[in-house]
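Hi,

Here is the structure I said I would pass on. Have a look at it first, and then read my notes below.

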Amino acid sequence: MKQTGMIMIEVLVSLVVLAIGILGLASLQAYSLRATQSSYLRSVATDLASSLSEQVQANRAKTIASQDAGGDAKYYGTGAPTLPKAPDYARFTCSVNASTHHFECENATGYTPESSANSTALARTELGYWLDLVAASLPLGTSGGAVICRDTSPDDGSEPVLDSTAADFAAKTGCLASNNGSYASAPYVIKIWWQDEKPTKANPTPDLMRFALTIS
């Protein structure tokens, strides 16, 4: 009986050790899945920012090409017309259309584009489509999203504000307001915020992750 009791104790101890090991592996697996998901979402944000960057640069390149099309005499001679400029993506105000449920962008209050009407309309349309893509590709939660703005310190900002004239625009996005003295010379910055974790009862509003890309 004594030997049988010892065997039972050994079996129980072995089961406890095995259970602890299984729990450890489960925790490691859960951590690995979270890390993989986090890495995937960041790569998605990187791709999204790169795609908008390419659109902005392409629109700017088209403007430069149109400036050069007529040669120096056309643009720098006597009575030369004013050179067209690329649209300022940071001066658009975007919101979701209640009927179509898609983003639409307009010129911000007080902004008169110096670019051509076609170039400006194209930029607004591209930005609206891009914001739709961001919303469809990342878990934004209630306060995530994206902006393109002008900024000299891209690694800041807590959440997006899609109206560059809003009073809390600079404070929340970390971007420069259009009346800031450094605005005109500052580069474009694309900022994207998303939720890395699913909301839970214990944490209904997880912290937002942020990715920023400066367009040179």
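A definition first, as one of the residues below depends on it: a residue counts as buried when its relative accessible area is under 20%, as exposed when that area is over 50%, and as partly exposed in between. Please also keep in mind that this is a predicted model.

With that in hand, take Ala212, which lies in strand β5. Is Ala212 buried, exposed or partly exposed? Its relative accessibility is 22%, so Ala212 counts as partly exposed. Leaving out neighbours within four places in sequence, the contacts of Ala212 are Pro154, Asp155, Val189, Ile190 and Lys191. I also looked at Ala212 against Trp193: the two are 19 residues apart in sequence, and their C-alpha atoms are 9.0 Å apart in space.

Now the sheet around it. Three strands make up an open sheet in the order β3-β4-β5, and the pairing is antiparallel. Its edge strands are β3 and β5, each of which pairs on one side only. Ignoring direction, neighbouring strands here are turned by 15° against each other on average.

Going through the pairs:

- β3 and β4 are joined in the antiparallel sense over six bridges. Along this pair, Ala146 stands opposite Ile192 in β4, and Val147 stands opposite Lys191 in β4.
- β4 and β5 (residues 208–215) are also antiparallel, over eight bridges. Here Ile190 has Leu213 in β5 as its bridge partner.

How many residues of β4 are buried? The strand covers residues 188–195, and eight of its eight residues are buried. Tyr188, Ile190, Ile192 and Trp194 point one way from β4, while Val189, Lys191, Trp193 and Gln195 point the other way. Both sets are buried, and that includes Lys191 and Gln195. There is a helix on this sheet as well: α3 lies across β3 and β4 and runs at about 140° to β3.

Next, the empty space. Rolling a probe the size of a water molecule over the atoms shows where empty space is left. For this model the count comes to two cavities of 30 Å³ or more.

The largest cavity has a volume of about 100 Å³. It is lined by 14 residues, and the closest to its centre are Phe92, Val147, Ile148, Val161 and Leu162. Which elements give two or more residues to this lining? They are β1 (92–96), α3 (117–137) and β3 (145–150). The largest share, three residues, comes from β3. By class, the lining of the largest cavity has twelve nonpolar residues, one polar and one charged. Val147 turns up twice in these notes, once close to the centre of this cavity and once opposite Lys191 in the sheet.

The second largest cavity has a volume of about 30 Å³. Its lining consists of Ala90, Arg91, Cys149, Arg150, Ser164, Phe169, Leu176, Ala177, Ser178 and Tyr183. These divide into six nonpolar, two polar and two charged residues.

Then there is the largest pocket, with a volume of about 370 Å³. Of the 21 residues that line the largest pocket, Ala86, Pro87, Asp88, Arg150 and Tyr188 lie nearest its centre. Two of those names have come up already: Arg150 also lines the second largest cavity, and Tyr188 is one of the buried residues of β4. Helix α1 (residues 2–68) gives the largest share of the pocket lining, three residues. The classes for the pocket are twelve nonpolar, four polar and five charged residues.

One last residue to look at is His101. It lies in the loop between β1 and β2 (103–107). Most residues other than glycine have a negative phi. His101 is not a glycine, yet its phi is positive, at about 65°. Is His101 buried or exposed? With a relative accessibility of 60%, His101 counts as exposed.

If you open the model, I would begin with Ala212 and its contacts, among them Ile190 and Lys191, then follow the sheet from β3 through β4 to β5, and leave the cavities and the pocket until after that.

Cheers

Terms used
Residues are numbered from 1 along each chain as its sequence is written. This is a predicted model: local features need pLDDT of at least 70, side-chain atom pairs count only at pLDDT 80 or more; totals for chains, interfaces and linings use all residues. Side-chain values use heavy atoms; hydrogens and water are left out. On a 1 Å grid over the protein atoms alone, a cavity is a set of points where a 1.4 Å probe fits but cannot get out, and a pocket is an open set with protein on both sides within 12 Å along at least five of seven lines; lining residues have an atom within 4 Å of a point. Grid points are joined across faces, edges and corners, and a volume is the space filled by probe spheres set on the points. Helices (H or I, at least four residues) and strands (E, at least two) are DSSP runs, numbered from the N terminus. Ala, Val, Leu, Ile, Met, Phe, Trp, Tyr, Cys and Pro count as nonpolar, Asp, Glu, Lys and Arg as charged, and the others, Gly among them, as polar. Buried means under 20% relative accessible area, exposed over 50%, partly exposed in between (1.4 Å probe, protein chains only). Two strands pair if DSSP finds at least two bridges between them. Axes are lines fitted to C-alpha atoms, for helices over the stretch in contact, and angles run from 0 to 180 degrees between N-to-C directions. Contact means heavy atoms within 4.5 Å.
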